Amino acid sequence: MDKFFRQRDAAFISENKMTPRLIDAHTHTQFAAFEKDGDAVIRRALGAGIWMINVGTQRDTSANSLELAHKYDGVWATVGLHPIHTEKSFHDEQELGITNHETGEPTPQPPSQREGEKKRDAISLLVGGLAGFTSRGEDFDYDYYKKLAQDSKVVAIGECGLDYYRLTEETKNKQVEVFIKQIELAREVGKPLMIHCREAFTDLIEILEKHLIPTPQPPSQREGGASGRGGRLISPGVVHFFSGTIDDAEKLMDLGFSFSFGGVITFARAYEKLIKFIPLDRILLETDAPYVAPLPYRGKRNEPLYVEEVAKKIAKILNKDFEEIARITTENAIKIFGLK
Ligand SMILES: [Zn+2]
């Protein structure tokens, strides 16, 4: 996309609120990595005709994603508890900022200490080192998330699911239990799931087959925010950053799921077969910012604007026009999440 088109589309967005060019269906501009310039990052994307869904991962990042969604047209939220936050887990400073090592609670920093990166690094070395440290696991508070989930700008429940990458048997049970509760919440509020799954597809699919009702209730019978969005859900949700096999993809498609792909596809060839296999009407684009920036930004902090590189790569893999990929993936996200 050259500058001329960017500017032209930016004008459409602000003046006519037309449909967007692209949608970043899974991002985290509410995370600590965007503490200093989050608004500029969001405006940059919206100015280029890119809408976004900020995905919650625990209590605070869920509430903050909703707050941002209320601030901007073209920005939506999901609320939920990520499987790694159900247990004592690796603490990611890019996600939650600096926290107290002992309690896992955020450590309030005086503004003077927020300013310089140098000072920030010094603090993180003091409290736990740059390699990260563990934080306290969260219990899933159904009522807390339900209250947020009923807001009309919340478009999905999650990210939720299973992550067996760093696992002990006891945390496995808790992940399963918390995931089932979030499937129940999604059904109760009539909104799709935003699924995270790592090295756990067999268990994930089994749980979904057992606990998901593939055909959601009509909008008139749904509660809260869902009823205000109109239209019926066409999908039980999206599996983000899909890393399963073709066989897993087939089973998830039978259940009605779609898949979002991000930056990793621009530098790892392993995804090409999968992207050719999954029908285009089941594919969405994401950045998962601040993580895993696409080429040519690899190694830098990712942001929603870069979703364009993911679209370009899918166009290349499928040997189709960029514009066709942009249009279809945008329509998919609008339909699945009821964006308007
Ligand atoms: Zn994510």
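**Strands E7, E8 and E9**

I started with strand E7 (residues 193–198) and strand E8 (residues 237–240), which pair in the parallel sense over 3 bridges. The model I am reading is a predicted one. I looked for a register point between the two strands and found isoleucine 195 opposite valine 239 in E8.

I then followed E8 to its pairing with strand E9 (residues 258–261), which is parallel and has 3 bridges. Here I noted histidine 240 standing opposite serine 260 in E9.

**Strands E3 and E6**

Which way do strand E3 (residues 75–79) and strand E6 (residues 154–163) run relative to each other, parallel or antiparallel? I found them parallel, joined by 3 bridges. For threonine 78, I looked up the bridge partner in E6 and wrote down alanine 156.

**The sheet as a whole**

I put these pairs into the order of the sheet. I traced 8 strands in an open sheet, in the order E1-E2-E3-E6-E7-E8-E9-E10, with parallel pairing. Strand E1 (22–27) and strand E10 (283–285) are at the edges; each has a single partner strand, so one side of each has no neighbour in the sheet. From one strand to the next I noted an average twist of 30°. I add for background that strands of a sheet pair through backbone hydrogen bonds, in either a parallel or an antiparallel way.

**Helices H3 and H7**

Next I turned to helix H3 (residues 59–71) and helix H7 (residues 142–149). Their axes come within 11 Å and cross at roughly 15°. Angles under 35 degrees count as roughly parallel, so I entered H3 as roughly parallel to H7. The crossing of H3 past H7 is left-handed.

I listed the residues that make the contact: Arg59, Ser62, Ala63 and Leu66 from H3, with Tyr144, Tyr145 and Leu148 from H7. By class, I have 5 nonpolar, 1 polar and 1 charged in this contact.

**Serine 62**

I stayed with serine 62, which lies in helix H3. Is serine 62 buried or exposed? I counted 28 other C-beta atoms within 10 Å of serine 62. The cut-off for a buried residue is 20 or more, so I put serine 62 down as buried.

Which residues does serine 62 touch, leaving aside its neighbours within four places in sequence? I found contacts with Gly56, Val79, Gly80, Tyr145 and Leu148. Tyr145 and Leu148 also appear among the H7 residues of the helix contact, while Val79 falls within E3 (residues 75–79). I also checked leucine 81, which is 19 residues from serine 62 along the chain; the two C-alpha atoms are separated by 8.3 Å.

**Helices H13 and H14**

For helix H13 (residues 307–318) and helix H14 (residues 322–337), I read axes that come within 8 Å and cross at roughly 115°. H13 passes H14 in a right-handed crossing. On the H13 side I noted Ala311, Lys312, Ile314 and Ala315, and on the H14 side Phe322, Ile325, Ala326 and Thr329. Sorted by class, the contact of H13 with H14 has 6 nonpolar, 1 polar and 1 charged residues.

**Whole chain**

Last, I took the totals. I have 14 helices and 10 strands for the chain. Of its 340 residues, 44% count as buried. Among contacts with a separation of 6 or more, I found that 74% are between residues 24 or more positions apart.

Note on methods: Residues numbered from 1 in each chain as written. Predicted model: local features only at pLDDT ≥ 70, side-chain atom pairs only at ≥ 80, totals over all residues. Axes fitted to C-alpha atoms, helices over the stretch in contact; angles between N-to-C directions. Helix = DSSP H or I, 4+ residues; strand = E, 2+ residues; numbered from the N terminus. Parallel < 35°, antiparallel > 145°, perpendicular 65-115°, else oblique. Left-handed = near helix turned anticlockwise from the far one by under 90°. Contact = placed C-beta atoms within 7 Å. Nonpolar A, V, L, I, M, F, W, Y, C, P; charged D, E, K, R; others polar. Buried ≥ 20, exposed ≤ 12 C-beta atoms within 10 Å, placed from the backbone. Pairing = 2+ DSSP bridges.
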